[in-house]
Each structure stands twice: as structure tokens, then as C-alpha cells.
Amino acid sequence: MILFLTGASGLVGSAFARAALRRGHRVVGAVGSYEGELEGVAKKISLDLTDEAATTAAVLDTFPDAIVNCAAVSVPEQCELDPARAQTLNVTLPATLARLAHHLSARLIHLSSEQVFDGTRATPYAPGDTPSPINLYARQKLESERAVRAAAPEFAVTIRAPLLMGDSPGGKRSLHERLLADWASGKTPRLYTDEFRQPCAAENLAEVMVELCERRDVRGEQHWAGAELLSRYDLGVKLRERFKLTEKQAPLAAVTRADTPEAAKKRQARLGLDISFLAGKLKTRAQTVAEQIEDLKVPPPVREWYFGQS
Ligand SMILES: NC(=O)c1ccc[n+]([C@@H]2O[C@H](COP(=O)([O-])OP(=O)(O)OC[C@H]3O[C@@H](n4cnc5c(N)ncnc54)[C@H](OP(=O)(O)O)[C@@H]3O)[C@@H](O)[C@H]2O)c1
């Protein structure tokens with residue numbers, strides 16, 4: 001299959017390109033500012049995805065069997081800093097891609113977030129549960145889901161993903177990369193003991209997305225995540241152990257939501273996802289946290305510091 005991939009240089013997009021290559025697909029990958037090589041991308045194109053005409057021309061020129069949208073302003077704080085740019089990338093772009101998918105009869109795989117839920121519930125959220133976003137990023141993701149569903153109901157599937165683990169092309173995007181950067185510069189990262197997430201590896205999510213490119217019988221909003229729910233603090237401890245660092249080399253400060261009441265208003269306490277629908281349909285299996293982190297790499301920006309530790 002020919003796959004048109006946006007966000008090919010991102011955490012998920014780069015993992016998707018590798019997974020698609022393993023399945024023998026040809027990926028045309030759009031990047032923004034990234035200049036390096038990307039394994040699995042047969043043809044790399046530089047494209048400003050806020051330019052609707054240029055995006056449309058690139059998709060039509062590719063004439064793909066599937067469009068995979070991994071581009072976004074994916075960090076909630078960055079959405080608050082530039083809401084208009086975030087709206088263009090997080091809502092207008094997926095709506096445009098959905099219209100193109102409908103026009104081309106192409107499959108569309110779009111990514112949304114667990115954050116469409118408010119995180120006040122003790123039990124996992126199912127795909128049919130009513131979303132209740134509490135920050136701008138989450139409101140935009142929900143708006144994108146609705147725009148995609150409206151424009152390409154017969155072709156699109158949107159996956160709500162959780163906190164993602166993995167090695168990003170720039171080595172600065174994901175949680176272990178940010179923790180290692182903090183430790184390398186002598187900082188003590190603060191992690192919540194009372195915010196619970198069900199993390200997933202970007203590589204594992206990418207396998208799910210490739211499967212969904214290859215079959216068209218799953219549509220609408222669906223959930224995927226890992227096999228375990230744990231606090232951000234406990235996840236940080238597991239990452240410290242994975243990289244065999246001591247508490248002295250890699251300190252962590254435990255904080256609670258009550259310590260940061262203003263920030264907590266826009267942060268969800270507990271985001272468990274019910275993944276039983278996709279788990280029952282697909283070959284890819286949800287992974288434990290240990291499986292997700294065992295192959296994580298030390299990113300280039302901190303290698304000198306890391307390998308200098310005795
Ligand atoms: N990461 C998570 O924990 C997480 C959790 C749940 C859901 N998600 C969702 O999963 C999807 C992928 O997230 P991610 O973490 O992989 O994102 P990411 O690592 O932040 O990557 C974002 C991608 O978007 C591209 N991009 C941004 N602006 C662009 C522009 N104007 N023109 C062209 N490309 C542009 C970037 O390209 P350049 O870098 O080349 O500029 C990059 O490839 C998003 O929809 C996100 O909301 C992520």
C-alpha cells in the first residue's frame with residue numbers, strides 16, 4: 001500500500017514509518033522542520049501543514065491508499081501558548097485530511113488523546129463514554145474527532161492514545177528523554193504521585209495503526225493503551241531503574257495535585273482506557289510497562305553525561 005504520513009519526524013510518526021516498512025508498505029512522509037534521516041520513509045517531503053493548498057496538492061500527488069495523521073501540536077502547554085497555530089494543526093488539518101480521504105476513498109488513521117476525558121472516574125473510559133475535556137488541547141482533539149467523523153465516516157478511524165513511551169528522532173520528546181535531560185543538567189524532575197496513566201509504547205501503537213490501515217472494518221473513535229495503570233511518579237522510578245541510575249544520580253521529587261492547585265485544574269487525575277474492543281479485533285497485544293521500556297535508548301543529547309556516570 002502507499003501511505004501518506006504526516007508528522008513523520010514525530011514520536012509516533014517515526015515509529016509508524018518503521019512499522020509500515022516491516023509490513024512492506026511504501027511511506028511518503030511529510031516533515032516540518034526536521035532535517036535528519038527517517039527509517040521507513042521511502043520519500044520524505046518538507047511541507048508546512050498549516051498551508052492547506054500545499055497539503056492538498058501533496059496528498060493528491062501521492063494518491064495514497066491510506067492517510068495517517070501523526071502531526072499535531074501535541075503538548076498541551078504549547079497549545080495554550082499559540083492557540084491559533086494549535087487550532088490549525090490539531091483541528092483544521094485533520095478536517096482537511098478527512099475530506100481528502102473521502103474524495104480519494106482512502107483509509108484515514110487519525111490520532112486523538114485520552115485527554116478528551118476529565119479523569120475524575122475510577123474506572124476505565126470506554127470509547128462510547130461522553131468526553132469532557134478540561135484543557136484547550138483536549139478540546140481541540142475532541143473537535144478534530146468530530147470533524148474527521150463528519151467528513152469521512154466510512155473511511156476514518158480515530159485512536160485515542162495515552163501517554164506514550166519511545167525514542168523520538170530528536171531525542172528530546174518523550175518522558176525518558178526529558179527525565180535524562182533533566183538529570184544530565186543537574187535538575188530534579190517533579191512527578192505526581194496521584195496522577196495515573198496507562199502508558200503505551202509508540203512502537204506498539206504504530207503496529208496497531210498499520211493493522212488498521214490494512215483493514216477497513218474498524219471506524220469511529222477507538223481506544224488503545226498499555227496493560228497497566230500507574231502513577232507518573234512510579235513510571236519515573238521504573239525509568240530510573242531501567243537506565244540503572246541511582247537516586248543520587250537521578251533524583252525525583254514526589255508532588256501531589258494539591259501541591260499545584262492551579263495546574264491541577266487543567267490536568268486529569270486518572271485516565272484509564274478500556275481497550276477491549278480493539279484488543280479483541282487486532283493481532284497486536286497491549287504491553288506491560290516493563291516491555292514498553294526495556295529497549296529504550298539513551299538519546300544522543302545526554303550520551304556523554306550518561307556514559308560518564310560510574
Ligand atoms: N506523545 C504523546 O504522549 C501522545 C499521547 C496521546 C496522543 N498523542 C497524539 O499522537 C499524535 C502524535 O503525537 P507525537 O507525540 O508523535 O507528536 P510530536 O512528536 O510532537 O510530533 C509532531 C509532528 O508534527 C509535525 N509538525 C508540527 N507542525 C508542523 C507543520 N506546521 N508542518 C509540518 N509538520 C508539522 C512535526 O514535524 P517537525 O518536527 O519536522 O517540525 C512532528 O513530526 C498527535 O496527534 C498527539 O496529539 C500523543
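**Entry 1. The main sheet**

Which order do the 7 strands of the open sheet have? I looked this up first and read the order β3-β2-β1-β4-β5-β6-β11, with parallel pairing. I note that this is a predicted model, in which local features need pLDDT of at least 70, side-chain atom pairs count only at pLDDT 80 or more, and totals for chains, interfaces and linings use all residues. Residues are numbered from 1 along each chain as its sequence is written.

I fixed my terms before going on. Helices (H or I, at least four residues) and strands (E, at least two) are DSSP runs, numbered from the N terminus. Two strands pair if DSSP finds at least two bridges between them. I also recalled that strands of a sheet pair through backbone hydrogen bonds, either parallel or antiparallel.

At the edges of this sheet I found β3 (41-46) and β11 (220-223), each of which pairs on one side only. From one strand to the next, the twist averages 20 degrees. For such angles, axes are lines fitted to C-alpha atoms, for helices over the stretch in contact, and angles run from 0 to 180 degrees between N-to-C directions.

**Entry 2. Strand β1 and its partners**

I then followed the pairs one by one. Strands β1 and β2 are parallel and share 5 bridges; Leu 3 has Val 27 in β2 as its bridge partner. The chain passes from β1 through α1 to β2 in a right-handed β-α-β crossover. Right-handed here signifies that, with the strands pointing away from the viewer, the path from the first strand over the helix to the second runs clockwise.

With β4, strand β1 pairs in the parallel sense over 4 bridges, and Phe 4 has Ile 67 in β4 as its bridge partner. Why is β1 described as largely enclosed by the rest of the structure? I found that 4 of its 5 residues are buried, so the description follows. A residue is buried if 20 or more other C-beta atoms lie within 10 Å of its own, exposed if 12 or fewer, and partly exposed in between, with C-beta atoms placed from the backbone.

**Entry 3. Strand β2, strand β3 and helix α2**

Strand β2 (residues 26-31) runs parallel to β3 and is joined to it by 5 bridges. Val 27 has Val 41 as its bridge partner in β3. I saw that helix α2 (residues 52-62) packs on the sheet and touches β1 (2-6), β2, β3 and β4 (66-69). The direction of α2 makes about 160 degrees with that of β1. Two residues are in contact if their C-beta atoms, placed from the backbone, lie within 7 Å.

**Entry 4. The ligand shell**

How many residues surround the ligand? I read 26, and the closest are Gly 7, Gly 10, Gly 32, Tyr 34 and Ala 72. A residue is near a molecule or strand if its C-beta atom, placed from the backbone, lies within 6 Å of it. The elements that give two or more residues to this shell are α1 (11-22) and β5 (107-113). Helix α1 supplies the largest share, 3 residues.

By class, I noted 14 nonpolar, 10 polar and 2 charged residues in the shell. Ala, Val, Leu, Ile, Met, Phe, Trp, Tyr, Cys and Pro count as nonpolar, Asp, Glu, Lys and Arg as charged, and the others, Gly among them, as polar.

**Entry 5. The sheet of 3 strands**

I found another open sheet, with the order β12-β9-β14 and mixed pairing. Strands β12 (230-231) and β14 (270-271) stand at its edges with a single partner strand each, so one side of each is left without a neighbour in the sheet. Strand β9 (residues 196-197) is antiparallel to β12, and 2 bridges join them. Phe 196 stands opposite Ser 231 in β12.

**Entry 6. Residues in loops**

Is Gln 198 buried or exposed? Gln 198 lies in the loop between β9 and β10 (200-201), and I record it as buried because it has 24 C-beta neighbours inside 10 Å. Leaving aside its neighbours within four places in sequence, its contacts include Pro 162, Glu 228 and Leu 271. The C-alpha atoms of Gln 198 and Leu 230 are separated by 6.5 Å, although these residues are 32 residues apart along the chain.

I placed Thr 120 in the loop between β5 and α5 (136-151). Thr 120 is exposed, with 10 other C-beta atoms within 10 Å.
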